[in-house]
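Welcome! Please take a moment to look over the sequence and the model below, and then we will walk through them together.

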Amino acid sequence: MAGNAAAAATPTPAATRRPHVFVSVGSMLPFDRLVEAMDRWAADNPQASVHIQIGDGAYVPRVAAHSRVLSTEAYRAEVAAADVFVAH
């Protein structure tokens, strides 16, 4: 029984990893308000990993990781890895 209690107290890898948020504005039109809002959210929530696909927008995130364009494979990988996916 003691072995079970010790095992239950050990955090699982999923419980210790940072939550991941992926934000995509698409490739047609910029959406600087969304990008800036999510960058502010990333600054306020450093426990989360945030990646924003910003397209041709003028605002460049200061805190969140970002890419202007992602390949189809990279985009799919971001969506698959995301705990939260924000899209426009």
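Let us begin with strand β2, which covers residues 49-53. In this predicted model, strand β2 is mostly covered, with 4 of its 5 residues buried. Follow it sideways and you meet strand β3, made of residues 65-67. The two run parallel and are joined by 3 bridges. One place to look is His 51, whose bridge partner in β3 is Ala 65.

Now turn to β1, which is also joined to β2: here there are 5 bridges, and again the two strands run parallel. Here you can find Ser 24 standing opposite Gln 53 of β2. To get from β1 to β2, the chain passes through helix α3, residues 32-44, and this β-α-β crossover is right-handed.

How many of the residues of β1 are buried? The count is 5 of the 5, so β1 is largely enclosed by the rest of the structure. The side chains leave β1 in two directions: His 20, Phe 22 and Ser 24 point one way, while Val 21 and Val 23 point the other way, and all are buried. β1 has a parallel partner in β4 too, with 4 bridges joining them. Within this pairing, Val 21 stands opposite Val 84 of β4.

Let us step just past β1, into the loop that lies between β1 and α3, where Val 25 is found. Is Val 25 buried or exposed? Its relative accessibility is 4%, and because buried means under 20%, Val 25 counts as buried. Val 25 also has a distant stretch of the chain beside it in space: His 88 is 63 residues away in sequence, yet the two C-alpha atoms are 5.1 Å apart.

Next, some rings. The structure holds 3 aromatic pairs. What makes the pair of Phe 22 and Tyr 75 edge-to-face? The ring centres are 5.4 Å apart and the planes meet at 80°, so the pair is edge-to-face, given that planes over 60 degrees apart count that way. This pair links distant parts of the chain, since Phe 22 sits in strand β1 (residues 20-24) and Tyr 75 in helix α4 (residues 72-81), 53 residues apart. Phe 22 is buried, with a relative accessible area of 0%, whereas Tyr 75, at 28% relative accessibility, counts as partly exposed.

Phe 22 forms an aromatic pair with Phe 85 as well, and this one is stacked: the centres are 5.5 Å apart, with 5° between the planes. It too links distant parts of the chain, with Phe 22 in strand β1 and Phe 85 in strand β4 (residues 84-87), 63 residues apart. Phe 85 has 37% relative accessibility and counts as partly exposed. Taken together, Phe 22, Tyr 75 and Phe 85 form one aromatic cluster.

What about the empty space? Rolling a probe the size of a water molecule over the atoms shows where such space is left. In this model, the largest pocket holds about 160 Å³ of space. It is lined by 13 residues, and the closest to its centre are Gly 26, Ser 27, Gln 53, Gly 55 and Arg 68. You have already met Gln 53, the residue that Ser 24 stands opposite. What kinds of residues make up the lining? The lining divides into 6 nonpolar, 5 polar and 2 charged residues.

Finally, step back and view the whole chain. The protein chain has 4 helices and 4 strands, and from the N terminus on they run α-α-β-α-β-β-α-β. Of its 88 residues, 31% are buried.

Conventions. Residues are numbered from 1 along each chain as its sequence is written. This is a predicted model: local features need pLDDT of at least 70, side-chain atom pairs count only at pLDDT 80 or more; totals for chains, interfaces and linings use all residues. Side-chain values use heavy atoms; hydrogens and water are left out. Rings of Phe, Tyr and Trp (its six-membered ring) pair if their centres lie within 6.5 Å; planes under 30 degrees apart count as stacked, over 60 as edge-to-face and the rest as tilted. Buried means under 20% relative accessible area, exposed over 50%, partly exposed in between (1.4 Å probe, protein chains only). Two strands pair if DSSP finds at least two bridges between them. A crossover is right-handed if, with the strands pointing away from the viewer, the path from the first strand over the helix to the second runs clockwise. On a 1 Å grid over the protein atoms alone, a cavity is a set of points where a 1.4 Å probe fits but cannot get out, and a pocket is an open set with protein on both sides within 12 Å along at least five of seven lines; lining residues have an atom within 4 Å of a point. Grid points are joined across faces, edges and corners, and a volume is the space filled by probe spheres set on the points. Ala, Val, Leu, Ile, Met, Phe, Trp, Tyr, Cys and Pro count as nonpolar, Asp, Glu, Lys and Arg as charged, and the others, Gly among them, as polar.
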